Amino acid sequence: MDLIGWVIFLVALLFSVMLHETGHFVMAKKFGMKATRYFVGFGPTLWSTQRGETEYGIKALPVGGFVKIIGMHSLDDVEDPADEPRSFRRQPAWRRIVVLCAGSFMHFVLAFLLIFGLALGIGISSDTTTQLGTVSTCVAANTTQLNNGTCTASDPASPAKLAGLRVGDQVTAFDGKPVSNWTQLQDAIRKASAGSPADITVQRDGKTLTLHTTLATVNGRSGAYLGIAPAIVFQTVNPVRAAQYAGSAFGQVLVGSVKAVGALPAALPKLFSKDRASTAAGQVSSVVGAAEATGAAVAANVGWQYKVSFVLLLIASLNIFVGLFNMLPLLPLDGGHVAVIVWERVRAWFARLRGRPDPGLVDMTKLLPVSFSIFLVLMFFGVALILADIVNPVNIAG
């Protein structure tokens, strides 16, 4: 575990959470709603200051934050009756929906800007190369050592080292089958059987060489293992191309996030299985898994561009997933509250058709059991993912 990587991830996570709350806060203020508190963290208050009608502060546990907007629903009492017109529940439905969606919107904006800035400042990496940038010297004992890039005296030499592969070699074929990009080469290696012989054809100093080795396996990692990584080449682009790349990457992550959410029920039985990485459970992770991945990337023996690129894309992906998940029509998520408001307006429309008065706000006491049940289910999934990422982590290395 790399402590610096963990710190980077946790700070980024806290920043994302507070940006989410800032979205709610700014839009509530813009619409004239009364927001009485804006706090970073939970628990005992360490520091606070009053600015106008809002108290800003920091609490002892930096695991999130919150904004207090008065009169959020029918159960939320307003201390001063004179403030009732400025309560959240008394605003037009469209304003309430905008405030609720503003949190996820901020996640999406942050993710887009991170990807855009990455393409503009560091560049876009290419997977069209099969040139070797790293040749591992050993077969790691487990995925943790593999991710950290560490070897011990008792670890056997890697198949790549035994074959005589060198940094800079251009792989042109694996087991006689031509490969033109890293994805093809990586897939060919992983589909091969551990312990089987393999022929690797490379271009080196203008010569074609065919090298021979026997593939290995790493405990906790699916597929065969050779012990190579690509030479990462980053190409900076202009703002237009950066925006196109950010839009494309955003769309891909969004689609992947939808699939990940849909895969959660099927993933649960495989979270603690040995073949987790090759199942739906290998596509989902908790904050622990994401933090471990960040730490592994920071500690890896690769260039700074790759490290920064990996971390920024991971944080962007996390924000897209959180923003999307938060808009699911389930209480107590923001999307659940949006669904309640939409139901209020549908119910009011039917009442008008029948010549009856608007029934008003939904009675939240009737929804509390549903909200609490969904909260327990979400907590169960969250705890299960955390435990799985601790005792049965998914290897992120190629």
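Helices α1 and α2 are oblique to each other in this predicted model, because the angle at which they pack, about 140°, falls short of the limit of over 145 degrees that would count as roughly antiparallel. Helix α1 covers residues 3–30 and helix α2 covers residues 93–121, and their axes lie 7 Å apart. In passing α2, helix α1 makes a right-handed crossing. On the α1 side the contact is made by F15, S16, L19, H20, G23, H24, M27 and A28, while α2 brings V98, V99, L100, A102, G103, S104, M106, H107 and L110. Sorted by class, this contact of α1 with α2 holds 10 nonpolar and 7 polar residues, with no charged residues.

A second helix pair can be read in the same terms, since two packed helices are described by the angle between their axes and the distance between the axes. Helix α6, residues 239–267, packs with helix α8, residues 304–326, at an angle of about 55°, and the axes of this pair are 9 Å apart. Helices α6 and α8 are therefore oblique to each other, and their crossing is right-handed. The contact draws on Y245, F250, V253, L254, S257, V258, A260, V261 and L264 of α6, which meet L313, S317, I320, F321, L324 and F325 of α8. By class, the contact of α6 with α8 comprises 13 nonpolar and 2 polar residues, and no charged residues are found in it.

From the packed helices we can turn to the empty space. Rolling a probe the size of a water molecule over the atoms shows where such space is left. When the whole structure is searched in this model, 2 cavities of 30 Å³ or more are found, and the largest cavity holds about 120 Å³ of space. Its lining consists of 13 residues, of which M72, H73, R96, V340 and E344 are the closest to the centre of the cavity. Helix α9, residues 334–353, gives the most to the lining of the largest cavity, contributing 4 residues. The lining of the largest cavity divides into 7 nonpolar, 3 polar and 3 charged residues.

What lines the second largest pocket? The residues are K34, T36, K68, I70, G71, D76, D77, V78, E79, D80 and D83, and the space in this second largest pocket amounts to about 180 Å³. By class, the lining of the second largest pocket has 7 charged residues, together with 2 nonpolar and 2 polar ones.

Key. Residues are numbered from 1 along each chain as its sequence is written. This is a predicted model: local features need pLDDT of at least 70, side-chain atom pairs count only at pLDDT 80 or more; totals for chains, interfaces and linings use all residues. Side-chain values use heavy atoms; hydrogens and water are left out. Axes are lines fitted to C-alpha atoms, for helices over the stretch in contact, and angles run from 0 to 180 degrees between N-to-C directions. Helices (H or I, at least four residues) and strands (E, at least two) are DSSP runs, numbered from the N terminus. Angles under 35 degrees count as roughly parallel, over 145 as roughly antiparallel, 65 to 115 as roughly perpendicular and the rest as oblique. A crossing is left-handed if the near helix is turned anticlockwise from the far one by less than a right angle, and right-handed if clockwise. Contact means heavy atoms within 4.5 Å. Ala, Val, Leu, Ile, Met, Phe, Trp, Tyr, Cys and Pro count as nonpolar, Asp, Glu, Lys and Arg as charged, and the others, Gly among them, as polar. On a 1 Å grid over the protein atoms alone, a cavity is a set of points where a 1.4 Å probe fits but cannot get out, and a pocket is an open set with protein on both sides within 12 Å along at least five of seven lines; lining residues have an atom within 4 Å of a point. Grid points are joined across faces, edges and corners, and a volume is the space filled by probe spheres set on the points.
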